[in-house]
Amino acid sequence: MEYLKALAELGVWLAVYPLGAGTLALTGHDARHLRRNVLVVICTGSAIATALLMALAAMGLFAPTWIGAAGWIVLAVWSVRNRAWAHALDRLKNIRVRGASALSGLAVIAILATATGLYAFFPKESLLGERDEGIYAQHALHLLRTGGSAIDLVAMGLAREPGIVAVEQGKAAALPGIYPTGSRWTFQFSSATPVWMAVLGAMLGPQGIFRFNAVVGLLNCMAFYALTRRVLAPAQRVWAIAAVAVFAFQPAQVWISRNCLSEPLSTWFVLNGLLAAILALSQRSRTAGLIAGGLIGMSGFVRIDAVVFPLAASAACLFAVMVNHSRRDQASNPAVQAIMIGCFAAIVLAVAYFAVWVRPYLDDLFDRVAGAVVAAALCAGLVRLLQLVPALRLGAQPARKAAWLAALAIVGLLVYAIWIRPHLQPFALEPKIAAPPNDQRDYRENSVLNVAAYLSWPVVIAAGFGAAWGLWSTLRGGLSPIMGWVLVFLLTPALVYLWWPMISPDHIWASRRWVPTVFPAAVVLAAIACARLSRRWRGPYAYAAAGLITVVVSAHLLMQQRETLRVREDAGMVAQIGEIARRLPDDRVSYVVGSGTLTSALLAGFGSRVVQVAVTGQYDWTELCPRVAGRAEQGCWVVHPKSLSVGERGATWLADVPIKRLRRNTSVVALARGTHEDGIDWSITKIEP
């Protein structure tokens, strides 16, 4: 039966492509170019599936087996109506790969296969809520157990517990990653990533939860390769191989693809949305532009800080409209405004989702969200103004003069970021930071230095050259305005997060904000630079240079991770915490002493009826452990550090359950190297009144 259940749940994944293909087919002839791109079709389907799964989770109707069965029906209907098998066979028959193309394909397959192994075989088994990844994993486990996102305290019999009431009244610390919102508590983050983690976990067991991002990481590598090829000229696309190797093997990508975080899914929507936007601008399609903007904006449902991407889209459109030397005026390109509208519409819906379902999280970040939205609206207003008043646009002669200024500005920014900014005092402080080293510095001044530690200095220098040359050439008319649109879209969020990462500064954690923004932009710009420098080389020399650089850079990136490349962080965490949960009774409340992270893991992850208590010195357990008439076995269970003596006359030791962890070292200087072991021995004691 378990095999049949897993087979049914497979339907969720198989329905993604039909959902995307069917949706794009409904948009008519204008979106035909998007329908031909497999990755865009899959991304469109995944966006629709994500929205449906989130809705089911919000309504408490998340049932992977039944959802998978519906997916099989969708697949069957679509296959019959479109004769999918015939089209697939025709495509296979028409594949012709020879010579250099075959070698390139084999190289890309080797890179993707290696990356998949690194991502999938060494997951971080995050479960404790000390940082975000544990909250996502708890949310996924909770979905599998209850079918909904809300933590129903009434159903668990915890609503009137003094410890719970104290949290709701603000007299006790809230559990990490869980908001006390009445009798139905709320997880801190969007359910977009947890629903997919839960779908994979339903098929593969709890370990599937920790491998979802390995799947997304592989898809992101494929999307990044397709995007880079689209950006480069046909004769220079060999450099996309080196680019995807850097993207796939750089330490932050390897780490986050092993982790339970939401950046990979956000990156998936942004990369494919950008690819769709290029197609929409090229074909001057309003419908395709709306879809592309919607895919980019879909990242907002995954992460609230994706509000930076409407700013990127509107700034890119502003640049394309302002600077135009092509025969086909981009100011009148219907896709320009459509991309902005689609992106804004999706982001507005995403903000509405957070306002309704995760309101406390939105309130905490409201100032940043509002700032990004206002800046994006101003850029969009300027775009419309330039469309209405062509005289305000930059003419050919002024644009040529501005080209050198733009290139010098990029070079100047790079020099400033490398040699000047890291030493300028006073350093920026972030009072909200509570992670090591806890000196309230966020180390934003070292952003470019840290990016270079992840990508290597040659890549960063090449990225600077690519950005400078790209803007210079676009302003002088050497590149199309569409290429200028791409450059500005990549640079805008990258500059925002290099200026202010808005995250705790300890590495490798500090690299999170750069995964969807800075790293893809830097690698694409570096590929543009390599293509420019090798433009006069004959084919064999370009292929040889790209192959050599791919091997050297890949070896460098993997070697600098040699101490953590085959490390499974927090291995066995589910089993260890599950052992504690297994030993606690279901018919009464148990208590956890002094650990909110363990309490949240037991409560949200395993559904244990537990409440956190703070114990200092002698503690009177009689109020928490009263006699209950009619109960065969009296008393309550207390989970406490082994070093803490409960000290009650009626206390009976039941078990010792150690939690051992293998963890990365952290440092404010990238890259942090090495690992260490830590843990705590927990005891379970029964106290009888």
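How many salt bridges does a search of the whole structure find? The search finds 24. Note that this is a predicted model. My points follow.

1. **Arg663 and Glu130.** Side chains of opposite charge can pair when their charged atoms come close. Arg663 and Glu130 form a salt bridge, and their closest N and O atoms are 2.8 Å apart. Arg663 sits in strand β7 (residues 651–664), and Glu130 sits in the loop between α8 (99–120) and α9 (132–146). The two are 533 residues apart in sequence, so the pair ties together parts that are distant by that count. Arg663 is partly exposed at 24% relative accessibility. Glu130 is also partly exposed, at 37%.

2. **Arg661 and Asp570.** Strand β7 supplies Arg661 to another salt bridge. The partner is Asp570, with an N to O distance of 3.0 Å. Asp570 lies in the loop between α28 (539–559) and α29 (573–583). The pair links distant parts of the chain, 91 residues apart. Buried or exposed, for Arg661 and Asp570? Both are buried.

3. **Asp656 and Lys642.** This salt bridge has an N to O distance of 3.3 Å. Asp656 is in strand β7. Lys642 is in the loop between β6 (636–641) and β7. The separation along the chain is 14 residues. Asp656 is partly exposed, with a relative accessible area of 33%. Lys642 is partly exposed too, at 47%.

4. **A salt-bridge network.** Which residues are joined into one network by salt bridges that share partners? They are Asp132, Glu263, Arg303, Asp305, Arg512 and Arg513.

5. **Helix α15.** Look next at residues 239–249, which form helix α15. Eleven of its eleven residues are buried, so the helix is largely enclosed by the rest of the structure. The buried set is Trp239, Ala240, Ile241, Ala242, Ala243, Val244, Ala245, Val246, Phe247, Ala248 and Phe249.

6. **Ala248 within α15.** Ala248 belongs to this helix. Its relative accessible area is 0%, so Ala248 counts as buried. What does Ala248 contact, leaving aside its neighbours within four places in sequence? The contacts are Ile111, Ala115, Tyr119, Cys221, Gln253 and Val254. Gly217 is 31 residues from Ala248 in sequence. In space, the C-alpha atoms of Ala248 and Gly217 are 8.1 Å apart.

7. **Gln253 in α16.** Gln253 is one of the Ala248 contacts. Gln253 is placed in helix α16 (residues 251–257). It is buried, with a relative accessible area of 4%. Beyond neighbours within four places in sequence, Gln253 touches Tyr119, Gly217, Phe247, Ala248 and Val515. Tyr119 is thus listed for Gln253, and also for Ala248.

8. **Asn213 in α14.** Helix α14 spans residues 212–231 and includes Asn213. Asn213 is buried at 2% relative accessible area. Where does the side chain of Asn213 reach at 2.8 Å? It reaches the backbone oxygen of Leu261. Leu261 also appears among the contacts of Asn213 outside four places in sequence. The others are Ile256, Ser257, Asn259, Cys260 and Pro264.

9. **Packing of α25 and α27.** Two packed helices are described by the angle between their axes and the distance between the axes. Helix α25 (residues 457–475) packs with helix α27 (residues 518–533) at an angle of about 75°. Their axes are 7 Å apart. The angle makes α25 roughly perpendicular to α27. From α25, the contact uses Val459, Ala462, Ala463, Phe465, Gly466, Ala467 and Trp469. From α27, it uses Ala522, Leu525, Ala526, Ile528, Ala529, Arg532 and Leu533. By class, that contact has twelve nonpolar residues, one polar and one charged.

10. **Arg359 in α21.** Arg359 is found in helix α21 (residues 359–364). Buried, partly exposed or exposed: what does Arg359 count as? At 45% relative accessibility, Arg359 counts as partly exposed. Ala172 is 187 residues from Arg359 along the chain. The C-alpha atoms of these two residues are separated by 20 Å.

Note on methods
Residues numbered from 1 in each chain as written. Predicted model: local features only at pLDDT ≥ 70, side-chain atom pairs only at ≥ 80, totals over all residues. Heavy atoms only, no water. Helix = DSSP H or I, 4+ residues; strand = E, 2+ residues; numbered from the N terminus. Buried < 20%, exposed > 50% of the residue type's maximum accessible area, 1.4 Å probe, protein only. Polar contact = N/O pair within 3.5 Å; in protein donor to acceptor, adjacent residues only side chain to side chain. Contact = heavy atoms within 4.5 Å. Axes fitted to C-alpha atoms, helices over the stretch in contact; angles between N-to-C directions. Parallel < 35°, antiparallel > 145°, perpendicular 65-115°, else oblique. Nonpolar A, V, L, I, M, F, W, Y, C, P; charged D, E, K, R; others polar. Salt bridge = Lys/Arg side-chain N within 4 Å of Asp/Glu carboxyl O.
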